[in-house]
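The following exercises concern the sequence and model displayed below. Each task is followed by a worked solution that proceeds step by step.

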Amino acid sequence: MAACSGGTTATVEPPTTGQTAGATTTRTPETTAVPPEATTTTRPLVGVSADFARTVIELDGVVHAVAVADTNEQRVQGLMGVEALDPLFGMLFVFEDAAVRSFWMKDTLIPLDIAFFDSDGVLVSKTSMETCLDDDCPRYSSERAAQYALEAPRGTFEDLAEGARLVLI
């Protein structure tokens, strides 16, 4: 996932020496059965940490379950280290106010799309983001002030048109 912080023009800086990017929780989704022939070398999928609240949103008329990052610590952690989103659609980043937002993909393992929405839930801009395991990752910014950002697997927002709406249910 991308990490983000608030501010007039939010810019995410890499952790300083001695800081960690955060920990993820490893869990095997209940819908995934482990075959009897699986060996101890089988690694469970790393999903979105249970520390993130879940909610339901409506995006352009379609209902989806998402994880919510609404604190600075959660927004910084985001989807870092996550290998699978199932059964979630993505992660919703909620900010206290609308501002130009900037995300990066530091230690994010899956390619993502991001869509930015203003305080009324109207689409501001969208883009596809590349995974990045380096310290010098590109930033992906909203074109205008945004109060919400929604990350989902790459290709999800290809058909999301201008005027699309995000509704928090």
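**Exercise 1. Determine how many residues of strand 5 are buried, and describe how its two faces are covered.**

Strand 5 is mostly covered, since six of its six residues are buried. Buried means under 20% relative accessible area, exposed over 50%, and partly exposed in between, with a 1.4 Å probe and protein chains only. Strands are DSSP runs of E with at least two residues, helices are runs of H or I with at least four, and both are numbered from the N terminus. The model is predicted: local features need pLDDT of at least 70, side-chain atom pairs count only at pLDDT 80 or more, and totals for chains, interfaces and linings use all residues. Residues are numbered from 1 along each chain as its sequence is written, and side-chain values use heavy atoms, with hydrogens and water left out.

Step 1. In a regular strand the side chains alternate between the two faces of the sheet.

Step 2. One side of strand 5 carries Leu112, Ile114 and Phe116, and the other carries Asp113, Ala115 and Phe117; all of these are buried.

**Exercise 2. Place strand 5 in its sheet and identify the strands with which it pairs.**

Step 1. Establish the order. The sheet is open, has seven strands in the order 6-5-8-3-2-1-9, and shows mixed pairing. Two strands pair if DSSP finds at least two bridges between them.

Step 2. Examine the edges. Strand 6 and strand 9 each have a single partner strand, so one side of each lacks a neighbour in the sheet. From one strand to the next the twist averages 35°, where axes are lines fitted to C-alpha atoms, for helices over the stretch in contact, and angles run from 0 to 180 degrees between N-to-C directions.

Step 3. Examine the neighbours of strand 5. It runs antiparallel to strand 6, with six bridges between them, and Asp113 has Ser128 of strand 6 as its bridge partner. Five residues lie between the strands of this hairpin, and Gly121 takes a positive phi near 85°. Strand 5 is also antiparallel to strand 8, again through six bridges; here Leu112 is the bridge partner of Pro153.

Step 4. Contrast a parallel pair. Strand 2 (residues 62-69) and strand 3 pair in the parallel sense over four bridges, and the partner of Val66 in strand 3 is Gly90.

**Exercise 3. Trace the aromatic pairs that involve Phe103, and state whether its partners are buried or exposed.**

Step 1. Apply the criterion. Rings of Phe, Tyr and Trp (its six-membered ring) pair if their centres lie within 6.5 Å; planes under 30 degrees apart count as stacked, over 60 as edge-to-face and the rest as tilted. The structure holds four aromatic pairs.

Step 2. Phe95 and Phe103 form an edge-to-face pair, with centres 6.5 Å apart and 85° between the planes. Phe95 is buried at 3% relative accessible area, and Phe103 is buried at 0%.

Step 3. Phe103 also pairs edge-to-face with Phe116, at 5.8 Å centre to centre and 65° between the planes. Because Phe103 belongs to strand 4 (residues 102-103) and Phe116 to strand 5 (residues 112-117), this pair ties together parts 13 residues apart in sequence. Phe116 is buried at 0% relative accessibility.

Step 4. Ring pairs link Phe93, Phe95, Phe103 and Phe116 into a cluster. In addition, Arg101 lies over the face of Phe95, 3.9 Å from the ring centre; this requires NZ of Lys or CZ of Arg within 6 Å of the centre and within 35 degrees of the ring normal.

**Exercise 4. Which parts of the chain does the salt bridge of Glu96 link, and which does that of Arg154 tie together?**

Step 1. A salt bridge is a side-chain nitrogen of Lys or Arg within 4 Å of a carboxyl oxygen of Asp or Glu. By this rule there are five salt bridges.

Step 2. Glu96 bridges to Arg75, the closest N and O atoms being 3.6 Å apart. This pair links strand 3 (residues 90-99), which holds Glu96, with helix 1 (residues 72-77), which holds Arg75, 21 residues apart. Glu96 is exposed at 61%, whereas Arg75 is buried at 3%.

Step 3. Arg154 bridges to Glu130, with the closest N and O atoms 3.1 Å apart. Arg154 lies in the loop between strand 8 (146-153) and strand 9 (166-168), and Glu130 in the loop between strand 6 (123-129) and strand 7 (140-141), so the pair ties together parts 24 residues apart in sequence.
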